[in-house]
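Student: Could you take me through a close look at one place where two helices pack together? I would like to follow the description step by step.

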Amino acid sequence: MIFNPEKNYYGVPQGKNRDLVLALDAHIKSLKKQEGSIYHTAMVQGFNSGSPGPTPFPLWAKWALVSGMVLMGLLFFGNTILRARVRDKTRELTQELNHRIQTEKALRASHERFLTVMNSIDANIYVADLETHEILFMNRYMIESFGKDYSGDICWKAFRGESKPCPTCINSRLIDQEGNPTGLLSWQDINSLTGKWYNNYDRAIEWTDGRMVKLQTATDITYLKKMEERLRQVHKMESMGTLAGGVAHDFNNILAGILGYAQLVEMYRGEPEKVKKFIGQVIKAANRASGLVQQILTFSRHSEYQKQPLDLFNLVKEVLSLVRASLPSTIEIRENLVSKATIMGDPTQIHQVIMNLCTNASHAMGDTPGVLTVALNNIEISESKKIAGFSMDKGKYVELEIRDTGHGMADTVLERIFDPYFTTKGIGKGTGMGLAVVYGIVKTHQGLIKAESDVGSGSSFRVFFPIPDQEVSAPLPEKKHPAGSPGSERIMLVDDERDILDTLKAILEKQGYKVTAFEDSPSALETFAGDPGSFDLIITDMTMPRMAGDEFATQVLKIRNAMPIILCTGFHERFNEAAALKMGLCKYVQKPISGMELAGLIRDVLDKTRQKK
């Protein structure tokens, strides 16, 4: 009816007023036929329609219909576009997924190749966090070397057995202030857990999670180190030949002085004051001879490499006192020792470096007048201060310079001076290993050496040793009781040299000790075994016939395991202080030692023994 009303109906109750209904129908039909009738007027007023026939479609309905059709068209069009986009995105995601799958396969293959390469290298390779020191990776060779995969542990605990970061750790030097890698750093050291020497190559790299880590490759060079040590010993003996003449000359002068003062004592024995003065000179000369022997033994001794805080100033002084004895009188030694810094180094090896360089300087000057200059200074390498033509890490160094006024070297010679077996000396005058040995020792100490020379103007060797970032101090000498400290304890004295036995016995008895002396160790052992509690201390020589001092001490300790024993020796290649202390001896003493010094040492041992009880 709203959109197109065609018929009107009037309702009356069904079955009633039949006549009325018929009359109404007849009149309505008549009115419908008359255009101006009340019927048509009512239709216009009631429905706003010109006629009771079909009415026109409403305008708002047309707009609604059009809008609906447009909306449906838009929805259809949008749906079509959306479907197309979904298809495109699905295709894109499928391609991305396939690419990711291929990438993951490539990464797995790359990772497998990486592991294959790392595990095929016969060297210890590991990766650790630069800050936390956490181990992130170990290759198969290193796992087998250490017996376990320590990934997740701390490197200085797992690989070194340390309780804090290693003193040799160079993590801070692997990256610059901006956090960028500084490049490859190499260094050598001995691992305390494995007991092997390694050449370490460290660099900073970016790990898979984006952080900077340390990659270290360490190769076992123990065999090479043993060969180097043998070569050093050979060269030490060569150097000793150079020193022999000077040392013999110096020793003869000392002996001449001792004999001269001894004769004066004999001549002036009735004048106590003069005798006392002469005897003092005899003791002074004997101590000088003892010091000379100790320096020779230090230089020639075969010892295991062991870094420790080292006072370079005093070591240079000690070497120069030995060098003076071997230099011709035409050569003047000038010292310019300024630095008092402490470095980490092996005393015997650094001793050899200084000795070799001084010996070379002496050879360069020969018997002609010349000057040997030895200088010791502190320097600091920074961005603004560098050594020309020399690549050095930033930090503080001790510079040791040994300069001569000899014949100098041409550039062609200078380029090869550190090569093994290269020498300009004649046949039988040198092996050519001296400077090669020096170079090896300096590199072992993470140091650098630079040679400069001009023909006719002499040569200069500059050695740079790094000063530790953390300040270290050279070990202080052990405090001892003053010489001549009295006592009353019972002492067993064993030595096959009658003169030594008699003088020590007399000196110790003068201090109040009860001394029983033996010229052979079997007799001493038999007496001790008969009554182990009758002695408070044993002093024994090392080298004796029938039974050596270390064997005698071992048998004594089997009888009484806490027996205080002091072992004295002039020199022994097989036995040293470390071995003596390890087997349970209290002291290891190098001869000669004065009776008064020995008395102070005895007092120290006895007092410590009493405190332990």
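**Two helices in contact**

Tutor: In this predicted model, helix α12, which covers residues 498–510, packs with helix α16, residues 595–612, at an angle of about 55°, and their axes lie 9 Å apart. Because angles under 35 degrees count as roughly parallel and those from 65 to 115 as roughly perpendicular, this value makes α12 oblique to α16. The crossing in which α12 passes α16 is right-handed. On the side of α12, the contact is made by Leu504, Ile507 and Leu508, while α16 contributes Gly595, Met596, Leu598, Ala599 and Ile602. Sorted by character, the residues of this contact between α12 and α16 comprise seven that are nonpolar, one that is polar and none that is charged; Gly counts as polar, and Gly595 is among the residues that α16 brings to the contact.

To place this pair in its setting, it helps to turn to the whole protein chain, whose secondary structure comes to 16 helices and 17 strands. Of its 613 residues, 38% are buried, and the chain exposes about 36200 Å², of which carbon and sulfur atoms supply 56%. Among the contacts in the chain with a separation of 6 or more, 64% join residues that are 24 or more positions apart.

A single residue from another helix can be described with similar care: Pro347 has its place in helix α9, which runs over residues 347–365. With a relative accessible area of 22%, Pro347 is partly exposed, and its C-alpha atom is separated by 6.8 Å from that of Leu310, although the two residues are 37 residues apart along the chain.

Methods. Residues numbered from 1 in each chain as written. Predicted model: local features only at pLDDT ≥ 70, side-chain atom pairs only at ≥ 80, totals over all residues. Heavy atoms only, no water. Helix = DSSP H or I, 4+ residues; strand = E, 2+ residues; numbered from the N terminus. Buried < 20%, exposed > 50% of the residue type's maximum accessible area, 1.4 Å probe, protein only. Contact = heavy atoms within 4.5 Å. Areas by Shrake-Rupley, 256 points an atom, 1.4 Å probe, with all protein chains shown as cover. Axes fitted to C-alpha atoms, helices over the stretch in contact; angles between N-to-C directions. Parallel < 35°, antiparallel > 145°, perpendicular 65-115°, else oblique. Left-handed = near helix turned anticlockwise from the far one by under 90°.
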